[in-house]
Amino acid sequence: MSKKPVVVYGASGYTGRLICEYLREYNIPFIAAGRSAEKLNAAMKSNVPGIETASYEVAEVAHTVPALTELFSGASVVLNTVGPFAKFGTEVVDACLAAKCHYTDTTGEQDWLITLDEKYGAQFAAAGLLLAPGIAHMYSTGEIAAQLCLETPGLDTLDIAVFWGGSPTIASTLTILINAATSKAYYLEQNQYMEWQADAGLYRLNIPGQHEAALALPWGGTSHPVWFKRDPRVANVKVLGGVFNKALMEGVPQIVAAALKATEGMTDEQRDAALTQTASSIMGTMPPRENPRINKSVDSVYASGPLGRMHCVIFGNSNYKQTGLLQAFAAASLLQQAPRRVGFASACQAFGHRELLGTLRSFGLVQEPIITRMG
């Protein structure tokens, strides 16, 4: 049974460490949980600045519903970073429901969001609990920009671009490969899911703040079409994203295509093992701690309607730090007051887009948004 109000599950990973760092800054006691106490202790002591001033415990736990339920009981919030979430998330969500805990994660796996919405949303709402997947820079910061545009009435179409500097983590690389192998990617058209063309390749986008065109992918469809499907203002959502490193982007379709061909005819277990090995060969070590001079981010949203146009761009830095902060803020908010919405909800729907923006601004991770009325 937890003696702390917050559990960070997967705390030894890159994102989990950052969440713990920001929980320390919020003075929130937490449990750093995962499968290996040795890795957790090493990660806390070596990779979380100021951890000696934090109120925390380390908990080694088996990835089963009974074990996780026992650990979560007594806590209020579980922040889950253990992905791929479609593969490992069900046990965590079931345990949160059994232990009566709010649930958040950092996913961008569209199929996982759809599963949570359809299978668990009503159960969490009935229990008065929040089910908020996808609280992370690649999704939440872009959603903030979209919500700022939607403050202007009469806009029903969102064209979203998300870019960042740096490389995906080990877990993110594996998620990309498994998601490509097992799931389709959707955009929203007239409030219906429509499949992205699987073999369309790279898209060229004009990114605010630079002359050079950038390369982008649907990136699994992302979270936004799922979140906005239940927003009566919005009918159409398309999202493209990528890293500023063109060479890396040019290699992604070939890497994914080769991995998919190599795993044809395999069982699910064999495929996952092969994709895990491929991901390790691509990104086998933890990325370095982010440098704001290198790890920049751009979230750009064009919102349109029959008689109106708005554009919002948010320039920022350190996308993984943005993720860690957003997760910690979610926990801080949930410990003090009820969310704006229970059941399945995005970060903005649960906590307010201007509140999240203010938090990112106060920690120096994003600039003031640039909002332009275009018609």
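**Exercise 1. The sheet**

In what order do the seven strands form the open sheet, and what is the pairing? Then find the edge strands.

*Solution.* The model is predicted. Read across the sheet: the order is β3-β2-β1-β4-β5-β6-β15. The pairing is parallel. Now take the two ends. β3 (56-60) and β15 (343-344) each have a single partner strand, so one side of each is left without a neighbour in the sheet.

**Exercise 2. One strand pair and a helix on the sheet**

Describe how strand β1 pairs with strand β2. Then say which strands helix α11 touches.

*Solution.* Locate the strands: β1 covers residues 6-9 and β2 covers residues 30-34. They pair in the parallel sense, over four bridges. Take valine 6: its bridge partner in β2 is phenylalanine 30. Next, turn to helix α11, residues 319-336, which packs on the sheet. Helix α11 touches β1, β4 (77-80), β5 (102-105) and β6 (130-132). The direction of α11 makes about 170 degrees with that of β4.

**Exercise 3. An aromatic pair**

Classify the ring pair of phenylalanine 30 and tyrosine 56.

*Solution.* The count of aromatic pairs comes to ten. In the pair of phenylalanine 30 and tyrosine 56, the ring centres are 5.6 Å apart. Pairing needs centres within 6.5 Å. The planes stand at 15 degrees, so the pair is stacked; the cut-off for stacked is under 30 degrees. Place the partners: phenylalanine 30 is in strand β2 and tyrosine 56 in strand β3, 26 residues apart. The pair links distant parts of the chain.

**Exercise 4. Helices α4 and α5**

Work out how α4 (residues 85-99) lies against α5 (residues 110-126).

*Solution.* The axes come within 11 Å and cross at roughly 10 degrees. Angles under 35 degrees count as roughly parallel, and that makes α4 roughly parallel to α5. The crossing is right-handed. Look at the contact: α4 offers residues including Phe85, Val93 and Leu97, and α5 offers residues including Trp112, Leu116 and Phe124. By class, the contact has nine nonpolar, three polar and two charged residues.

**Exercise 5. Helices α11 and α13**

Work out how α11 lies against α13 (residues 353-362).

*Solution.* The axes come within 10 Å and cross at roughly 125 degrees. That makes α11 oblique to α13. The crossing is right-handed. Gln322, Leu325, Leu326 and Phe329 of α11 meet Glu355, Leu356, Thr359 and Leu360 of α13. These residues divide into five nonpolar, two polar and one charged.

Terms used: Residues numbered from 1 in each chain as written. Predicted model: local features only at pLDDT ≥ 70, side-chain atom pairs only at ≥ 80, totals over all residues. Heavy atoms only, no water. Pairing = 2+ DSSP bridges. Helix = DSSP H or I, 4+ residues; strand = E, 2+ residues; numbered from the N terminus. Contact = heavy atoms within 4.5 Å. Axes fitted to C-alpha atoms, helices over the stretch in contact; angles between N-to-C directions. Parallel < 35°, antiparallel > 145°, perpendicular 65-115°, else oblique. Left-handed = near helix turned anticlockwise from the far one by under 90°. Nonpolar A, V, L, I, M, F, W, Y, C, P; charged D, E, K, R; others polar. Phe/Tyr/Trp six-rings, centres within 6.5 Å; stacked < 30°, edge-to-face > 60°.
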